[in-house]
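Some labels in a structure look obvious until you ask where they come from. Let's take a few and check each against its cut-off.

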Amino acid sequence: MCRHLGYLGPERSVGDLVGYGENSLLHQSYAPRDMRGGGTVNADGFGVGWWGADGFSRYRSAAPLWSDPVVRETLPNIRSRAVVAAARSATVGMPVQHTACAPFSDDTWAFSHNGVVRGWPESLTGLAAELPVAELLQLEAPTDSAALWLLLRRALGEQDPEKAMCALVQSVVAAAPDSRLNLLLGNGTELWATTWHHSLSALVDDERAIVMSEPYDDDPAWQSIPDRHFVSARPGHLIVTPLEMGAR
Ligand code: GLN
């Protein structure tokens, strides 16, 4: 399953953040420690997104994170206080292309998914039926994650991130039981995440908030997020609440 990372804190080099720690996102792309549900490496592309004075920007590639020269030659010179990045392990049957890599984005939102929607695409037919055909035809990539982003983006127009993400997990699990739905959403000032059959850790203090599939180092301040929980994080603020079916 893919790995993702959300960072909010003091301005730092985006490239350094991706390579930071003995178990950095870069390390997790070729030697992850906690893969669940299949896959051994996260070699099917990556994406890095950051917020700056001019809004949100991103770079995505179908190349492995460790082999794309942009990571060494360009990203170190980009600085930001808010970053979302992901390394992808394509689910069997889903294409390897840069548009299938997180972060998916629109306006100021950035989204990532670790996991799989079981029985995709048929299992999502009922949920997708609510969407205008024009939006479905513009799906960025024929993958479960791109479809989840389409559904979530639409919900974000009407609901706050917590309601929208929890409702999405509930409806997808109802339609596609045994799915793995670790979602990560950012807007440059806050991070929201879910755990549903996948690993996630958080490191939050007064200066920074980091949410990551696996901790990038052995700092004892990392908290392992229990399964089936919702996380909201920003510097000085971490809320972790159970994500129960039918509870919201
Ligand atoms: N199913 C998604 C994809 O193929 C995410 C894969 C993953 O988490 N390994 O892109």
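Q: What makes Arg-12 count as sitting over the ring of Tyr-7?
A: This is a predicted model, so everything here is worked out from predicted atoms. The charged end of Arg-12 is 5.4 Å from the centre of the Tyr-7 ring, and the distance limit for this label is 6 Å. The charged end sits over the ring.

Q: Which ring does Arg-228 lie over?
A: That would be Trp-196: Arg-228 lies over its face, 4.3 Å from the ring centre. Again, the cut-off is 6 Å.

Q: How many aromatic pairs turn up in the whole structure?
A: A search finds eight.

Q: Why is the pair of Tyr-30 and Trp-66 called edge-to-face?
A: Look at the angle. The ring planes stand at 85 degrees, with the centres 6.1 Å apart. Centres within 6.5 Å make a pair, and planes over 60 degrees apart make it edge-to-face, so Tyr-30 and Trp-66 earn the name. The two come from distant parts of the chain, 36 residues apart: Tyr-30 is in helix α2, while Trp-66 is in the loop between β3 and α3.

Q: Are Tyr-30 and Trp-66 buried or exposed, and how do you know?
A: Neither, quite. Tyr-30 has a relative accessible area of 43% and Trp-66 is at 35%. Buried needs under 20% and exposed needs over 50%, so Tyr-30 is partly exposed, and Trp-66 counts as partly exposed too.

Q: What makes the pair of Phe-46 and Tyr-59 tilted?
A: The planes of Phe-46 and Tyr-59 are 50 degrees apart, with 6.0 Å from centre to centre. Stacked would need under 30 degrees and edge-to-face over 60, so what falls in between is tilted. Phe-46 belongs to strand β2 and Tyr-59 to strand β3, so the pair ties together parts 13 residues apart in sequence. Phe-46 has a relative accessible area of 0%, so it is buried, whereas Tyr-59, at 27%, is partly exposed.

Q: Which residues do ring pairs link into a cluster?
A: Tyr-20, Tyr-216 and Trp-222.

Q: How do you know that the length of helix α6 agrees with what's expected?
A: Take 1.5 Å a residue: the 13 residues of α6 should span 18 Å, and the end C-alpha atoms are 18 Å apart, so the two agree.

Q: What makes α6 "mostly covered"?
A: A count does it: 11 of the 13 residues in α6 are buried. Among them are Asp-144, Trp-149 and Leu-156. The buried residues of α6 pack against several elements, including β6, α7 and β7.

Q: And α7, how does its length check out?
A: The 15 residues of α7 should span 21 Å at 1.5 Å each, and its end C-alpha atoms are 21 Å apart, so that agrees as well. The buried residues of α7 include Met-165, Leu-168 and Val-172, and what covers the buried ones includes α6, β8 and β12.

Q: What makes Asp-160 a cap on α7?
A: A side-chain oxygen of Asp-160 lies 3.1 Å from the backbone nitrogen of Glu-162, at the N-terminal end of α7. The limit for a polar contact is 3.5 Å.

Q: Why does Asn-114 count as buried?
A: Asn-114, in strand β6, has 0% relative accessibility, and that puts it in the buried class. Its side chain makes a polar contact with the side chain of His-4 at 3.3 Å. A polar atom of that Asn-114 side chain is also 3.2 Å from the backbone oxygen of Cys-2.

Q: Why is Ser-123 called buried, although it is in a loop?
A: Ser-123 is in the loop between β6 and α4, but what decides is the 16% relative accessibility, so it counts as buried. The side chain of Ser-123 reaches the backbone oxygen of Arg-118 at 2.6 Å.

Q: Which residues come nearest to the ligand?
A: Of the 12 around it, Cys-2, Arg-88, Ser-89, Thr-91 and Gly-115 do. A ligand nitrogen is 2.7 Å from a polar backbone atom of Ser-89, and a ligand oxygen is 2.7 Å from a backbone N or O atom of Gly-115. Asp-144 joins in with its side chain, where an N or O atom is 2.8 Å from a nitrogen of the ligand.

Note on methods. Residues numbered from 1 in each chain as written. Predicted model: local features only at pLDDT ≥ 70, side-chain atom pairs only at ≥ 80, totals over all residues. Heavy atoms only, no water. Helix = DSSP H or I, 4+ residues; strand = E, 2+ residues; numbered from the N terminus. Expected span 1.5 Å × (residues − 1). Buried < 20%, exposed > 50% of the residue type's maximum accessible area, 1.4 Å probe, protein only. Contact = heavy atoms within 4.5 Å. Polar contact = N/O pair within 3.5 Å; in protein donor to acceptor, adjacent residues only side chain to side chain. Lys NZ or Arg CZ within 6 Å of the ring centre and 35° of its normal. Near = heavy atom within 4 Å.
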